[in-house]
Amino acid sequence: MPINRRDFINRSAATGAGVALAGTAGVVAAAPQAAAAETKSGGKGGHAPKTYSFSILGTTDLHTHVFNWDYYTNAEYKDTKGDEVGLAKISTLVEQQREAKGRDRTLLIDAGDIIQGTSLGFYYAKVDPITGTDGKPGPVHPMAAAMNHMRYDAAALGNHEFNYGIPLLRTFQQQCHFPLLGANALDAKTLKPAFPPYAIKHIPVPGRPAIKVGIIGLTNPGIAIWDKDNVSGKMVFPGLVEQAAKYVPKLRSMGCDVVFLTDHSGLDGTTSYGDALPYVENASNLVAEQVPGIDAILVGHTHVEVATYKVTNKKTGKDVVLSEPYCWGKRLSVFDFELEFTRGRWEVTSVTSDVLNANAVDEDPGIVALLKADHDAVVTYVNQPLGTCTEEMSAVESCWKDTAIIDFINYVQTQTVKAGLTGTDADLPVVSVAAPFSRTANIPAGNVTIRDIAGLYIYDNTLYGKKLTGAQLRDYLEFAAAYYNQVPSGTTVDTATLTNSTSGGATRWDYTYDIATGLTYEIDVAKAVGSRIANLQYNGAAIDDTQVFVVAVNNYRASGGSGYPHISDAEIVYNGGQGIQQLLIDYLVSAGTIDPTVFSTDNWKLTQDGTPVF
């Protein structure tokens, strides 16, 4: 019989209610039960193995992908690599591993970014919020339902967990039958953990003490910048190395035989926010290198596939094994541990890791039955028609050409900020900046639906207005122009290699590249980084360095996201709190039609030693 999700949640609530706890007390309180289980599993009767093995299965950056479905195209997910996505497929892989290795010899852990990323995430945060409306309780989040069904043992907090605010995150936490871990997510006033820093699990061994596995969760320090509006004054996020150095010895002192970290932080030591914070963004390799006593780390945040990566700890000389499964449920990491019972306790003798591909299996019918109704509700919502567009607008070339589809975002942002300015600020010129988040975004000619807008503006950002001078704007645009690789004069400009430079040490992804309207400028890709902006003008005249502008910008960038100069410290003159995606929807509903002739303008271009490239 198909499982109804709400029936399943009601039946499971009694057993899971005590698992998702808001602080360390719940984790500590569970310890006596764990000790009792360990004592019971020991004893002299029966076969007492000298060696034993178990596995930890890991996911990360699921971003609300439950099924192999693309809400923006209204079709099954497809990409050029043949990947498939979703927890329903991961669930099949997990069940295969449990069947092969033993259910009591596998743990399932996630490394964060669970509740945001697709229209499903938006729907259960904004349309039918899990926090409820009008005093009525909301639905259980589909991600909580799926992960409970799959019996996750723990998950780290990701930075996107904070996108919809702490109250919604707390509701999600309460709905999960497993702990959300954040050893470096602290209460801003008390500096005590705001979420459980660790969890302890036991792998039973016949005739021997159970293998005691300590799991530490670490999130990303960048939350302090990226979600400043939601966390400022409420929570702080110190570095991964610092907090791991605190909790790894603690778990070892509590008798943990294995210490496993789940980090929402990449493994290459890079940072996208410059020196805005004293903590490294992608620090998992540094944790492994500098903090002794760690056996393995599940890595997240960077949306790359790393089947296995070894880092030698500088203090012990031992290797730490790291693995990052590809995002969206495309891969499942598998850590295999071998242990030997010696001198009265278990010691790790071997750790290996690999990844399994979700495209090799079918979706778990249990997950499908559990969540089909929730998925169908989202599909119905995103396919609602909003209005029309007079001609097709595509983002295919937006990363190197001025296109109407990005002009549309900037136009709505500009009009919104202008309407919200008061006093003398209302007389200032407004410049808007927006990034080409998705090269596949497309607004069709004819009917336009919510999913078309959602596919264009995929993040849940809000709109700000901040003051910058002409000189600061030039610096801002120079920073943006570093997105391009240098192409010397006389060399053919190839769009396949033109973008996503590694200037400054970190890759400049598309979402980091801001395109401006409200002024005109050229970007000379033949020039070195820092000297590419030419013919920067406002109203046909060169910009005065002292002239003041209001910049319409999203909250991520306004708080320092991607490390743009000046903007995080700039004076705020507008903060309406509106989601930019919703502003685009509201514009279309109000206007009835998107007409590119209203806002499309060729105000910027790429050049090569002054000669236009395209």
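This briefing describes cavities, one helix, cysteines, salt bridges and backbone outliers in a single structure. The structure is a predicted model. A search of the whole structure finds 2 cavities of 30 Å³ or more and 0 disulfides, while the count of salt bridges comes to 20. Two residues that are not glycine but have a positive phi, Asp113 and Asn539, are treated at the end.

**Cavities**

- The largest cavity holds about 50 Å³ of space, and the second largest has a volume of about 40 Å³.
- Residues lining the largest cavity include Tyr72 and the run Gln116, Gly117, Thr118 and Ser119, together with Phe122.
- From later in the sequence, Ala454, Tyr457, Ile458, Asp460 and Gln581 also line the largest cavity.
- By class, the lining of the largest cavity comprises 5 nonpolar, 5 polar and 1 charged residues.
- Around the second largest cavity stand Thr64, His65, Val66, Phe67, Trp69, Tyr71, Thr118 and His375.
- The lining of the second largest cavity divides into 4 nonpolar and 4 polar residues, with no charged residues.
- Thr118 appears in the lining of the largest cavity and also in that of the second largest.

**Helix H15**

- Helix H15 covers residues 470–481, which makes 12 residues.
- From its first C-alpha to its last, H15 reaches 16 Å, close to the 16 Å expected at 1.5 Å a residue.
- The buried residues of H15 are Gly470, Leu473, Tyr476, Leu477, Glu478, Ala480 and Ala481.
- An α-helix has 3.6 residues a turn, so residues three or four places apart point the same way.
- Gly470, Leu473 and Tyr476 are among the buried positions of H15, as are Leu477 and Ala481.

**Cysteines**

- The search of the whole structure returns 0 disulfides. Cys327 is in none, and the nearest cysteine sulfur, that of Cys399, is 18 Å away.
- Cys327 is buried, its relative accessible area being 3%.
- Cys389 cannot bond to its closest cysteine because its sulfur is 20 Å from that of Cys399, which is too far.
- Cys389 likewise counts as buried, at 4% relative accessibility.

**Salt bridges**

- Side chains of opposite charge can pair when their charged atoms come close.
- Arg252 and Asp295 meet through their side chains in a salt bridge, at 2.9 Å from N to O. Arg252 belongs to helix H10 (residues 240–253) and Asp295 to the loop between helix H11 (284–290) and strand E12 (296–299), so this pair ties together parts that are 43 residues apart in sequence.
- Within that pair, Arg252 is partly exposed at 28% relative accessibility, whereas Asp295 is buried at 12%.
- Glu305 and Arg331 form another salt bridge, with their closest N and O atoms 2.9 Å apart. Glu305 sits in the loop between E12 and strand E13 (306–312) and Arg331 in strand E15 (residues 331–342), so the pair ties together parts that are 26 residues apart in sequence.
- Glu305 is partly exposed at 40% relative accessibility, while Arg331 is buried at 9%.
- Lys527 and Asp609 also meet in a salt bridge, with an N to O distance of 3.5 Å. This pair links distant parts of the chain, 82 residues apart: Lys527 is in the loop between strand E24 (520–524) and strand E25 (533–538), and Asp609 is in the loop between strand E30 (604–608) and strand E31 (611–612).
- Lys527 is partly exposed, with a relative accessible area of 34%, and Asp609 is partly exposed, with 40%.
- Glu95, Arg98, Glu99 and Arg103 are joined into one network by salt bridges that share partners.

**Positive phi outside glycine**

- Asp113 is not a glycine, yet its phi is positive at about 65°.
- The position of Asp113 is in the loop between strand E4 (106–110) and helix H5 (119–127), and Asp113 is buried, with a relative accessible area of 1%.
- Asn539, also not a glycine, has a positive phi of about 55°.
- Asn539 is found in the loop between E25 and strand E26 (541–542), where Asn539 counts as exposed at 67% relative accessibility.
- In terms of burial, Asp113 is buried, whereas Asn539 is exposed.

Notes: Residues are numbered from 1 along each chain as its sequence is written. This is a predicted model: local features need pLDDT of at least 70, side-chain atom pairs count only at pLDDT 80 or more; totals for chains, interfaces and linings use all residues. Side-chain values use heavy atoms; hydrogens and water are left out. On a 1 Å grid over the protein atoms alone, a cavity is a set of points where a 1.4 Å probe fits but cannot get out, and a pocket is an open set with protein on both sides within 12 Å along at least five of seven lines; lining residues have an atom within 4 Å of a point. Grid points are joined across faces, edges and corners, and a volume is the space filled by probe spheres set on the points. Ala, Val, Leu, Ile, Met, Phe, Trp, Tyr, Cys and Pro count as nonpolar, Asp, Glu, Lys and Arg as charged, and the others, Gly among them, as polar. Helices (H or I, at least four residues) and strands (E, at least two) are DSSP runs, numbered from the N terminus. The expected span of a helix is 1.5 Å times one less than its number of residues. Buried means under 20% relative accessible area, exposed over 50%, partly exposed in between (1.4 Å probe, protein chains only). A disulfide is a pair of cysteine sulfur atoms within 2.5 Å. A salt bridge is a side-chain nitrogen of Lys or Arg within 4 Å of a carboxyl oxygen of Asp or Glu.
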